[in-house]
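Welcome, and thanks for opening your viewer. Let's walk through this protein together, one selection at a time.

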Amino acid sequence: MKITVFGGTGRTGQHIVRQALDAGHEVAAVVRDPARLPISHSALEVITADLTAPAPLRPALTGREAVISAIGPRTRKDVGVTSNATRVILRAMDQTDIRRIVLLSAVPVGPIPEGENPIFRVILYPLLRRLLRDAYADLAAMEEEARRSTTEWTVIRPPRLTDKPLTERYRREIGGNVPRGHFLSRADLAHAMLAALDDPATVKQPVGVAY
């Protein structure tokens with residue numbers, strides 16, 4: 001496929017770009033600072049753009065078949081960046097007739113699944129939602145932007161992320177979160193996001209992914 005990746009300089013985004021290229025996709029990576037993307041490949045086009053208006057994004061989207069967004073705040077000061085950037089991306093997609101997008105969210109945005117460990121259900125998830133309420137509110141707003149759009153969206157909700165290697169062995173829960181799934185490597189998260197691109201079962205669905 002011809003894919004546009006947003007957030008490709010992040011720790012998850014770099015896995016997405018590498019795995020997409022390894023799988024034979026043509027990738028346009030939209031970045032603010034090209035020096036932060038230490039990947040070169042004949043099928044990779046790096047495009048420098050801010051995510052503040054749709055017009056500068058059109059060259060990165062024209063002729064593409066799908067979008068993956070791994071955008072997220074680097075610090076607490078960046079809270080709000082995900083929903084704002086997603087709003088701009090969705091407008092640019094509408095202007096360039098691209099339908100498919102896979103977006104990165106997080107487990108606490110969704111409901112606590114049946115069968116979850118009581119400690120996580122009663123203590124840890126509510127605590128996380130209070131401590132990081134602004135970040136999760138931003139992700140919830142991002143998900144709502146996707147739901148209101150005309151795109152064929154998928155939202156991927158991982159739990160706590162690690163830097164362990166790719167296994168390609170994880171659980172998915174379409175429409176909800178994975179019970180008792182508390183960890184996932186960034187490499188496997190990237191794999192799950194790419195796998196969702198051509199999986200019709202994930203269209204217009206949140207998808208929980210965890211070990």
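Before we start, one definition will help: a residue is called buried when its relative accessible area is under 20%, exposed when that area is over 50%, and partly exposed in between. Please also keep in mind that this is a predicted model.

**Start with the whole chain.** Show it as a cartoon and you should find six helices and ten strands. Turn the view along the principal axes: the C-alpha atoms fill a box of roughly 50 × 35 × 30 Å. The radius of gyration is 16 Å, which agrees with the value near 17 Å that a compact globule of 211 residues would have. Of those 211 residues, 49% are buried. Now switch on contacts between residues at least 6 apart in sequence; 70% of them join residues at least 24 apart.

**Add the surface.** About 10,200 Å² is accessible, and carbon and sulfur atoms account for 51% of that. If you colour by charge, you will be looking at 29 positive and 23 negative charges, whose mean positions lie 6 Å apart.

**Next, select Arg-157 and Glu-143.** The structure holds ten salt bridges, and here is one of them, with N and O 2.7 Å apart. Arg-157 sits in strand β6 (residues 152–157) and Glu-143 in helix α5 (residues 133–148), so this pair ties together parts that are 14 residues apart in sequence. Are the two partners buried or exposed? Arg-157 is buried, at 6% relative accessible area, and Glu-143 is buried as well, at 1%.

**Stay on helix α5 and pick Arg-147 and Glu-144.** Their closest N and O atoms are 3.2 Å apart, again in a salt bridge. Both residues belong to helix α5 and are three residues apart, about one turn of the helix. Arg-147 is partly exposed at 42%, and Glu-144 is partly exposed at 30%.

**Widen the selection.** Add Arg-87, Glu-145 and Arg-148 to the four residues you have just visited, and you have a network linked by salt bridges.

**Last stop: Arg-186 and Asp-163.** This salt bridge brings the closest N and O atoms to 2.9 Å. Arg-186 is in helix α6 (residues 186–196), while Asp-163 is in the loop between β7 (160–162) and β8 (171–174), so the pair ties together parts that are 23 residues apart in sequence. Here the opening definition pays off: Asp-163 has 56% relative accessibility and therefore counts as exposed, whereas Arg-186, at 11%, counts as buried.

Definitions and conventions:
Residues are numbered from 1 along each chain as its sequence is written. This is a predicted model: local features need pLDDT of at least 70, side-chain atom pairs count only at pLDDT 80 or more; totals for chains, interfaces and linings use all residues. Side-chain values use heavy atoms; hydrogens and water are left out. Helices (H or I, at least four residues) and strands (E, at least two) are DSSP runs, numbered from the N terminus. The radius of gyration is taken over C-alpha atoms; the globule rule is 2.2 Å times the number of residues to the power 0.38. Buried means under 20% relative accessible area, exposed over 50%, partly exposed in between (1.4 Å probe, protein chains only). Contact means heavy atoms within 4.5 Å. Accessible areas come from the Shrake-Rupley method with a 1.4 Å probe; for residues, only the protein chains shown count as cover. Lys and Arg count as positive and Asp and Glu as negative; His and the chain ends are not counted. The place of a charge is taken as NZ of Lys, CZ of Arg, CG of Asp or CD of Glu. A salt bridge is a side-chain nitrogen of Lys or Arg within 4 Å of a carboxyl oxygen of Asp or Glu.
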